[in-house]
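Dear colleague,

I am passing on the structure below, and my notes on the ligand surroundings and on one helix pair follow after it. Please read them with the model open beside you.

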Amino acid sequence: MRRRKKRVKLPSRSDAKSDVETAPIPVADEPELAPIAVPGGAAPPRARPARVPRRGGFAEYWGRIPRGLIEGFRLESLMGEGSMGAVFKAEQLSLHRPVAIKVLAPRLAENERFLKRFLREARAVAKLNHPNVVSGIDVGEADGLRYFVMEYVEGPTLLDLIEESGPLEPLAATRIVVQVARALEHASRNDLVHRDVKPANVIITSKGGVAKLCDLGLAKEVSEAGGETSEGRAMGTPLYISPEQARGDANVDIRSDLYSLGATYYHALVGRPPFDGPTHAVIMAKHLTEDVVAVRDVRDDVPAGCAAICERLLEKDRDDRHASPTELIEELEAVIEGRWEDKPKLRARRRARRRFR
Ligand SMILES: Nc1ncnc2c1ncn2[C@@H]1O[C@H](COP(=O)(O)OP(=O)(O)OP(=O)(O)O)[C@@H](O)[C@H]1O
Ligand SMILES: [Mg+2]
């Protein structure tokens, strides 16, 4: 017998009173770009229009969620929609503090296998405490919708920054990437793999320019990482997907996140992701087989160290990438501190080791 799906009852338009509680939840303003202190500085931002929902109908559906849906919180505005659901800015009533709440799309809340892992990983993330990781606060279900409450970070995403100002100044990009690498080091020490590292999942705080990796623990099923599902629904972007994830390998490890971080770094350095194409399948095939255009062939003012690290992260075979975030951090710090010149010897030793494996 087909199980009846429990769905949240949204107020219909005819129910709507002028009361503020029942008025649609507004779409949040774009984060302020001007005062961001990214060390090394990206080009000055241009003015841009207010946030426009990326996909038609998103504010229409999510905006009608009751503000008091989740006990203890009050939904205030819609910050955006991704492949897994919508993110709201909300107030945690007991502490009078802002939080961000991701409400999963109903189709995901019906997938038992996904939910099991979602809960398990959300609990693991809640135990993490790291300045470069957006911390998890709570997870639960309200009216048939699953949600994840997290630290609210005020500021644009790395994608916002690139789209606004074009490629970043190389050392500014490197200072952001090293912070994400530190977040991954912390995650991997706690046996977590992100599976969806990308510029939209890195928020740069308006105060201080600290990079924070979000959506850890909200990772997708591999089959959901890119392309279309069997039912033909569009899923998350495959622009940053590792070859092993694109292949659907079951045992992806932190080196898959390192590849996605490499694709993120590439996008920040040259202003476009490493591969593009008309469909998800074409992009995934390129990650599997096509050589990436060398960073310095696209932008010749990128320092050799930045380009070498980025290209190594994008190696198809994970054994050819950095073995761990720790090794990556060491190299990025060498570039930032002007010590990259010492590195060729180290790299030659590593290459020799690989040849004899
Ligand atoms: N913790 C947070 N604090 C503040 N804003 C956030 C937070 N998490 C997400 N956002 C905002 O919400 C937007 C939507 O996030 P969401 O994760 O749904 O989309 P995405 O990252 O583009 O896609 P995906 O579902 O693949 O991760 C982000 O672009 C960001 O602006
Ligand atoms: Mg996200």
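The largest share of the shell around ligand 1 comes from strand S1, which gives three residues; please bear in mind throughout that this is a predicted model. S1 covers residues 73-81, and both S1 and strand S5 (145-151) supply at least two residues each to that shell. In total, 21 residues surround ligand 1, and the closest are Gly80, Gly82, Val87, Ala100 and Ala200. Sorted by class, the shell around ligand 1 holds 11 nonpolar residues alongside six polar and four charged ones. Both domain 1 (57-151) and domain 2 (158-355) take part, with at least three residues of the shell drawn from each.

The other finding concerns helix H5 (residues 170-189) and helix H11 (residues 325-336), whose axes come within 9 Å and cross at roughly 160°. Because angles over 145 degrees count as roughly antiparallel, H5 is roughly antiparallel to H11. The crossing in which H5 passes H11 is left-handed.

On the H5 side, the residues that meet H11 include Leu171, Val177, Val178, Ala181 and Leu184, as well as Arg175, Arg182 and Glu185. On the H11 side, those that meet H5 include Pro325, Leu328, Ile329, Leu332, Val335 and Ile336, together with Glu333. Taken by class, the residues of this contact of H5 with H11 divide into 11 nonpolar, three polar and four charged.

With best regards

Conventions:
Residues are numbered from 1 along each chain as its sequence is written. Chains are lettered from A and ligands numbered from 1 in the order in which they are written. This is a predicted model: local features need pLDDT of at least 70, side-chain atom pairs count only at pLDDT 80 or more; totals for chains, interfaces and linings use all residues. A residue is near a molecule or strand if its C-beta atom, placed from the backbone, lies within 6 Å of it. Helices (H or I, at least four residues) and strands (E, at least two) are DSSP runs, numbered from the N terminus. Ala, Val, Leu, Ile, Met, Phe, Trp, Tyr, Cys and Pro count as nonpolar, Asp, Glu, Lys and Arg as charged, and the others, Gly among them, as polar. Domain bounds come from an automatic or database domain assignment. Axes are lines fitted to C-alpha atoms, for helices over the stretch in contact, and angles run from 0 to 180 degrees between N-to-C directions. Angles under 35 degrees count as roughly parallel, over 145 as roughly antiparallel, 65 to 115 as roughly perpendicular and the rest as oblique. A crossing is left-handed if the near helix is turned anticlockwise from the far one by less than a right angle, and right-handed if clockwise. Two residues are in contact if their C-beta atoms, placed from the backbone, lie within 7 Å.
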